Amino acid sequence: MRAPISVVIPTLNAQAHLAGCAAALVEGVEAGLIRELIISDGGSSDDTKEIALGIGAEWVSGEASRGGQLRRGCAEARGVWLLVLHADTQLEAGWSDAVRAHLQRQEAGYFRLKFASRGLAARVVAEWANLRSRVFGLPYGDQGLFISRELYDNVGGFANIALMEDVAMARALKGRLTALDGVAVTSAEKYERSGWVGRGTRNLWTLIQYFAGVPVDGLVRTYRKP
């Protein structure tokens, strides 16, 4: 029987993180769970492609838009399950057991969030993200998404938008998302560069505007300000 999972990772100049993200997936390969790794790139100008091909990934490229990149990558996937990750996220050891236990369920799953940073601020923001996920059913993309191909197709896949594709997917999966017994450790670079309070406030304001119907193109310009 073929391994059931296709891993899909969107990238844009991800050379600093991609190898670490992929290394954490080795246990899934050894457990016979991962069938393929698909890198869906948005026009990287660094060594992302060389790293991807060097670790045996399938390379898909197109316009830089995270939702569009994920849609293209998932379209190429042949597994009956999809594991979607950000390049700057690494799954903690033991994640494959959590995924295996989920294979017979009908819901999609996400991981508990942890930041690759010490200190109270990192813990507080991670706990808020985990609370938001449990209470409101809104995990973000840095928590990963584990979803069957059937369910993914039933909800129409990722929206072809540059931002908030993870929130759009979570809303489409309302009532069909559950926390996996595993941890996704994501980079804290954006928070450390902008400040934990500043970045957290910006993220929350972006979410509120999205729910209020502000067009995604306008949100992108604000969200990507340094």
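## Strand β1 and its partners

Let's start in the sheet: strands β1 and β4 pair in the parallel sense, joined over 4 bridges. Within that pairing, Val7 stands opposite Leu83 in β4. This is a predicted model, so please read what follows in that light. Strand β1, which spans residues 5–11, also runs parallel to β2, and here 7 bridges join the two strands. In this second pairing, Ile5 is found opposite Ile34 of β2.

How much of β1 is covered? The strand is mostly covered, with 7 of its 7 residues buried. Both faces share in this: on one side lie Ile5, Val7, Ile9 and Thr11, and on the other Ser6, Val8 and Pro10, all of them buried.

## Helix α4 against its neighbours

Next comes α4, residues 66–76. Its buried residues are Gly67, Gly68, Gln69, Leu70, Gly73 and Cys74. What do the buried residues of α4 pack against? Three strands, β1, β2 (34–41) and β4 (81–84), and two helices, α7 (149–154) and α8, are their partners. The strand β1 that we met above is thus among the elements packed against α4.

## Two cysteines that stay apart

One of the buried residues of α4, Cys74, brings us to the cysteines. A disulfide is a covalent bond between the sulfur atoms of two cysteines. How many disulfides does the model hold? The count comes to 0. The reason for Cys21 is distance: the closest cysteine sulfur, in Cys74, is 14 Å from its own, too far for a bond, because a disulfide needs the two sulfur atoms within 2.5 Å. Cys74 is likewise in no disulfide, with the sulfur of Cys21 as its nearest cysteine sulfur.

Are these two cysteines buried or exposed? Cys21 has a relative accessibility of 1% and so counts as buried. Cys74 is buried too, at a relative accessible area of 0%.

## The largest pocket

Now for the open space. The largest pocket has a volume of about 1,400 Å³. Its lining is made up of 47 residues, and the closest to the centre are Arg66, His86, Asp88, Lys190 and Tyr223. By class, the lining holds 22 nonpolar, 14 polar and 11 charged residues.

Which elements supply at least two residues each to this lining? On the strand side they are β1 and β6 (108–115), and among the helices they are α4, α6 (120–136), α8 (165–172), α9 (189–194) and α10 (196–211). The element that gives the most is α10, with 8 residues. Both β1 and α4, described earlier, therefore have a part in this lining as well as in the packing.

## The second largest pocket

The second largest pocket has a volume of about 220 Å³. It is lined by 15 residues, and those nearest its centre are Phe136, Gly137, Leu138, Ala170 and Lys174. Two or more residues of this lining come from each of α6 and α8, with α6 providing the largest share, 4 residues. Sorted by class, the lining has 8 nonpolar, 3 polar and 4 charged residues.

## A closer look at Thr178

Our last stop is Thr178, in strand β8 (residues 177–186). Thr178 counts as buried because its relative accessibility is 18%, and the cut-off is under 20%. What does Thr178 touch beyond its neighbours within four places in sequence? Its contacts are His102, Arg105, Glu107, Ala108, Gly109 and Tyr110.

Methods: Residues numbered from 1 in each chain as written. Predicted model: local features only at pLDDT ≥ 70, side-chain atom pairs only at ≥ 80, totals over all residues. Heavy atoms only, no water. 1 Å grid on protein atoms, 1.4 Å probe; cavity = no way out; pocket = protein on both sides within 12 Å on 5 of 7 lines; lining within 4 Å. Points joined across faces, edges and corners; volume = space filled by probe spheres on them. Nonpolar A, V, L, I, M, F, W, Y, C, P; charged D, E, K, R; others polar. Buried < 20%, exposed > 50% of the residue type's maximum accessible area, 1.4 Å probe, protein only. Contact = heavy atoms within 4.5 Å. Pairing = 2+ DSSP bridges.
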